[in-house]
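Trainee: I have a new model open and would like to learn how to read it. Could you walk me through a few features?

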Protein chains: 2
Amino acid sequence: MASAPEHGAAAAHIADRIREAIISGEYAPGTRIRQEELATEAGASRVPVREALRMLAAEGLVTLVANTGAWVSSLSLSECQEIYRVRERVEPLLLRMSAPNLDDAELDRLDGLAAAMAATDDPELFLTLDREFHLSTYGGAETVVLSDLVHRLWNRTHSYRRVYTGLMDDRARETVHDEHRLMVAAMRDRDLDSAESLLTSHIRRTRRQLAGHPELFLATPR
Amino acid sequence: MASAPEHGAAAAHIADRIREAIISGEYAPGTRIRQEELATEAGASRVPVREALRMLAAEGLVTLVANTGAWVSSLSLSECQEIYRVRERVEPLLLRMSAPNLDDAELDRLDGLAAAMAATDDPELFLTLDREFHLSTYGGAETVVLSDLVHRLWNRTHSYRRVYTGLMDDRARETVHDEHRLMVAAMRDRDLDSAESLLTSHIRRTRRQLAGHPELFLATPR
DNA sequence: ATGCTTGAAATTGGATGCAATCGTCCCGTA
DNA sequence: TACGGGACGATTGCATCCAATTTCAAGCAT
């Protein structure tokens, strides 16, 4: 289970727990994180908690202020746009490195995810499936640095994607589904250039739509 | 000096110190890092040292193995190539966001750096000037996420750039200088497309030359 | 000579305790 | 009422101490 009582992994486990809580929405951006609370919850002392917070801070998920405390990082609109601009450049590269290693069974599964996403109107499920879909398209990449980078970029924006997902209208949703299907089709055809450019458009379009919702972001994030 | 006796910053200071030591070459890739050593050196206990190591591990500069220790991260050739591929996609974007904000004085300074680089044959000075040149070209960007990402990518590869720099022949060096001068010229002309594509080629060329020196890398890095 | 076992030293992991800092409430003053 | 200014409580920062684990060398067996 989650609590393997192995020595030397407390900080990592606690970090996993917090990361999961942030991604699941349990901890929203701006939420105060208290060391003691996490420590008792993990049945540990504050020492490994602090190490976990340092890790998460370096990942950008948590913001530390000396002598004051830790908060779940929030983003300004411009920071979020920055992340999307980076994703626009980086994820197509990762897709290119992954796609050749995805077999037919995996492509079928991707189609299934895309279909499930189109079939639901539960925003939370949509969000989960979307993440699962995209990260799965990267699953064939034998990379370390790049896939880690992309995962971190997804993590940092996940909370905002959650809110935005609830605001999408039917037209926007339909466009997303079309793009997903086209991406899988391009990958089936081993047409990496098309897959790349479809993904670029996909991310860029989302970025531009996000720009129309500044109310989702704080002016002065921490 | 380096030791401002402020409360709540010990871990950050120690991390700065280690990061600096890695970049300066004092700590080469693969070097074992002992907590006690750093603690006494910083006049602190091992607790903030461990927090610093967690941060650096999240930055990719240090590799931690539970119950065993910390080492300065080393890269395999393929990991290094990965980083360069990411840089190829990401740095031109950052340059585009920075260039419009660089005034004539700053562009003059960049030309000066390029000239100084061309004039020296001290590899260490070359390395320092090269870093200073490129990071300065990004100095106009009002970004947080992206510039932080680029700095980290530079940091992770700096040790290898050091070794490679010593191996460059005159022709390779001359090419680099030409590219630097052309980049500054393009920025003076406010020709962002040219600046971007020059930078892309610049990084790609270096990546391809690095591929010819697998002996600089470990097969199984940690 | 090589490989395996054992045990002590070295090193890391984590809990506890205390000092330092920050927030907040309360009070006094204008 | 509005505006400082302490004092207290809550929280974080860090040093010290002990436990868990690994490493390494010496000894033993093959």
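Trainee: How are H4(A) and H4(B) oriented to each other?

Mentor: One thing to keep in mind first: this is a predicted model. To read a helix pair, look at the angle between the N-to-C directions of the two axes. Here helix H4 (residues 77-98) of chain A and helix H4 (residues 77-98) of chain B pack at about 155 degrees, and their axes are 9 Å apart. Angles over 145 degrees count as roughly antiparallel. H4(A) and H4(B) are therefore roughly antiparallel to each other.

Trainee: Is the crossing of H4(A) and H4(B) left-handed or right-handed?

Mentor: H4(A) passes H4(B) in a right-handed crossing. On the chain A side, the contact is made by Arg85(A), Val86(A), Arg89(A), Val90(A), Pro92(A) and Leu93(A). On the chain B side, H4(B) brings Arg85(B), Val86(B), Arg89(B), Val90(B), Pro92(B) and Leu93(B). Sort the residues of this contact by type and you get 8 nonpolar, no polar and 4 charged.

Trainee: Now a pair within chain B. At what angle do H4(B) and helix H7 (residues 145-167) of chain B pack?

Mentor: About 140 degrees, with the axes of H4(B) and H7(B) 10 Å apart. Apply the same reading: roughly antiparallel needs an angle over 145 degrees. H4(B) and H7(B) are therefore oblique to each other. The crossing of H4(B) and H7(B) is left-handed.

Trainee: Which residues of H4(B) and H7(B) meet?

Mentor: From H4(B), they include Cys80(B), Ile83(B), Tyr84(B), Val86(B) and Met97(B). Among their partners in H7(B) are Leu146(B), Leu149(B), Val150(B), Leu153(B) and Trp154(B). This contact divides into 13 nonpolar, 2 polar and 4 charged residues. Notice that Val86(B) is also on the list for the contact with H4(A).

Trainee: Let's move to the DNA. Which residues come nearest to DNA strand C?

Mentor: With DNA, start with who is around the strand, then ask which part of the strand they face. There are 21 residues around DNA strand C, and His7(A), Ala10(A), Ser45(A), Arg46(B) and Arg50(B) come nearest. Of the strand C atoms within 4 Å of the protein, 70% belong to sugar or phosphate, and the rest to bases.

Trainee: What does the side chain of His7(A) have within reach on DNA strand C?

Mentor: A sugar or linking oxygen, 3.0 Å from an N or O atom of the His7(A) side chain. The side chain of Arg32(B) also has an N or O atom 3.3 Å from a sugar or linking oxygen of strand C. Asn67(B) uses its backbone: an N or O atom there lies 3.2 Å from a phosphate oxygen of strand C. The elements giving two or more residues to this surface are helix H3 (46-59) of chain A, plus strand E1 (32-33) and helix H3 (46-59) of chain B.

Trainee: And which residues are closest to DNA strand D?

Mentor: Arg46(A), Arg50(A), His7(B), Ala10(B) and Ser45(B), out of 21 residues surrounding that strand. For strand D, 79% of the atoms within 4 Å of the protein are from sugar or phosphate, with the rest from bases.

Trainee: Which part of DNA strand D lies 2.8 Å from the side chain of Arg46(A)?

Mentor: A base nitrogen, paired with an N or O atom of that side chain. Arg50(A), by contrast, has a polar side-chain atom 2.3 Å from a phosphate oxygen of strand D. Gln35(A) also places a polar side-chain atom 3.2 Å from a phosphate oxygen of that strand.

Note on methods:
Residues are numbered from 1 along each chain as its sequence is written. Chains are lettered from A and ligands numbered from 1 in the order in which they are written. This is a predicted model: local features need pLDDT of at least 70, side-chain atom pairs count only at pLDDT 80 or more; totals for chains, interfaces and linings use all residues. Side-chain values use heavy atoms; hydrogens and water are left out. A residue is near a molecule or strand if one of its heavy atoms lies within 4 Å of it. A polar contact is a pair of N or O atoms within 3.5 Å; within protein, one must be able to donate a hydrogen and the other to accept it, and residues adjacent in sequence count only if both atoms are side-chain atoms. Helices (H or I, at least four residues) and strands (E, at least two) are DSSP runs, numbered from the N terminus. Axes are lines fitted to C-alpha atoms, for helices over the stretch in contact, and angles run from 0 to 180 degrees between N-to-C directions. Angles under 35 degrees count as roughly parallel, over 145 as roughly antiparallel, 65 to 115 as roughly perpendicular and the rest as oblique. A crossing is left-handed if the near helix is turned anticlockwise from the far one by less than a right angle, and right-handed if clockwise. Contact means heavy atoms within 4.5 Å. Ala, Val, Leu, Ile, Met, Phe, Trp, Tyr, Cys and Pro count as nonpolar, Asp, Glu, Lys and Arg as charged, and the others, Gly among them, as polar.
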